[in-house]
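I opened my notebook today to look at one structure and the ligand that goes with it. These are my entries, in the order I looked things up.

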Amino acid sequence: MLSRLSETKMSHAFVRAMNSGLIGEADTAILFYDLSHLRERIEDLISLFPKSALHAVAVKANSLTKILTEIKTFDAGLEAASLPELFLAEHAGFPPEQIVFDSPVKTVQEIAYALNLGVHINADSFAELERVSELQKQKPSKSPVGVRINPQVGTGTILSTSVAGEYSKFGIPMKSHREAIAECFLKYDWLRGVHIHIGSQGCEPALLMKGIETVLMFVNETNERLRRAGLQRRIDIFDIGGGLPVSYHRDKEPFQMSQYKEEIKFRFPDLFTDKFKLITEFGRYIHANTGWTASRVEYVKEEQHVRTAMIHVGADMFLRKCYRPEDWHHEISVLDSKGNIKTGKDEKKYIVVGPLCFAGDMIAREIDLPKVEPGDYMVIHDTGAYTLSMWSRYNSRQIPKVLGYYEDGEKFEILRERESLSTLWEFWS
Ligand code: LLP
């Protein structure tokens, strides 16, 4: 069973990093990644699904190049949601067969580039299929091509990351276009795959399964039509997307990939036979629980009923938590200046704020914490996915140093140095 990292393990790694001289005075915030945990997550995923499956880990969840190259060592692939992400995947050394290109707004040049490279492409609309068709006529490509279908099975608890409601900006809606999608499979001899993605966090596995069920019915129906039309080909690639939710709460049991896989295999056994090549695109499940962030408490402001702990990361890295606090959660621990876990509960509640110049820069509101003092470190749990990758440039704060470690800190690797002021200058130039 894969669980979240414990406070004790984080404190252990923090002390080791400190004792190894990896946390300098300027490192007011440090991002940590447990690379042993990352390995466990990916190995677990690979071991569960058929050998032929392609596990294209979502680059957008965590785009650090050293993490991408780490992923490569496990024989997993990458899902790129933009041309620059495709560039990252190529430069990290992934072969085209292990890359899935998914952007919803691909230009003709981008499609041509991807077709030329031979990566798997998921088209997002009829218009995009038409563009692929034109390019295929000019120069046939060996890229496997799929089409993204919105199975319209409903939304999860977080609207901004739910993409399978009646309306979605992504994919082709199934209800109103079932026949037209089927006709594309009859018309285009290079079209082999279907792609779905239901949402990211907030969508129960049952909803994800409903998406698979809806599209698998369509696939079986269409394959029968292809057979009756005397065509040799069939839909043989099924991309189930990502979206398995992770636990951000201390007391909430996380969903296990093994359970999800068992349910898929039990209900849709065909997907586990050689009739289909499966593609997965998990991001959050791979990364969220492998990373955490420590930031020094610079000041503690006293009010009558509440204390405000002021730290060095805020809405620049925790965009969602600051702008949609009711949708997102991170557990927070407190370490003293030497890295030991602080325990107990202060008599006052705490507001934890970042350094940015606006009132909403709050990563926790009125929570219980042990007594916090300047010089302590706030540890924000489960920051491995969609945090650094969503970094905002507001106030030009420097991106913190990123440390990777193995075995609770027996071995460290700097995944990214703290951003320099000259790089910052380049960014704005
Ligand atoms: N595949 C596609 C087509 C996606 O759009 C996504 C996520 C994934 C895979 C990976 O989903 P995961 O397994 O990581 O849940 N915090 C961000 C989340 C956006 C996710 C977008 N797509 C945000 O609030 O914007």
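**Notes on the ligand and its surroundings**

I started with an oxygen atom of the ligand and found a backbone N or O atom of Gly283 lying 2.9 Å from it. I should jot down that this is a predicted model.

I then looked for other polar contacts. Gly243 also uses its backbone: one of its polar atoms there is 2.8 Å from an oxygen atom of the ligand. With Arg320, it's a polar side-chain atom that comes in, at 2.3 Å from a ligand oxygen. I checked the cover too: on its own the ligand has 580 Å² of accessible area, and the protein covers 89% of that.

Next I asked myself how many residues surround the ligand. I got 18, and the closest are Ser200, Glu281, Arg284, Arg320 and Tyr386. Sorted by class, that shell has seven charged, seven polar and four nonpolar residues.

Then I went looking for pockets. The largest pocket turned out to be the space that the ligand takes.

My last entry is about domains. The assignment splits the protein chain into domain 1 (7–32 + 291–428) and domain 2 (36–288). I looked up their contact, and domain 1 puts in 25 residues while domain 2 puts in 23 residues. Their C-alpha centres are 33 Å apart.

So where does the ligand lie with respect to domain 1 and domain 2? I noted that both domains give residues to the shell around the ligand, so the ligand lies between them.

Methods:
Residues are numbered from 1 along each chain as its sequence is written. This is a predicted model: local features need pLDDT of at least 70, side-chain atom pairs count only at pLDDT 80 or more; totals for chains, interfaces and linings use all residues. Side-chain values use heavy atoms; hydrogens and water are left out. A residue is near a molecule or strand if one of its heavy atoms lies within 4 Å of it. A polar contact is a pair of N or O atoms within 3.5 Å; within protein, one must be able to donate a hydrogen and the other to accept it, and residues adjacent in sequence count only if both atoms are side-chain atoms. Accessible areas come from the Shrake-Rupley method with a 1.4 Å probe; for residues, only the protein chains shown count as cover. On a 1 Å grid over the protein atoms alone, a cavity is a set of points where a 1.4 Å probe fits but cannot get out, and a pocket is an open set with protein on both sides within 12 Å along at least five of seven lines; lining residues have an atom within 4 Å of a point. A molecule sits in a cavity or pocket if more than half of its atoms lie within 2 Å of its grid points. Ala, Val, Leu, Ile, Met, Phe, Trp, Tyr, Cys and Pro count as nonpolar, Asp, Glu, Lys and Arg as charged, and the others, Gly among them, as polar. Domain bounds come from an automatic or database domain assignment. Contact means heavy atoms within 4.5 Å.
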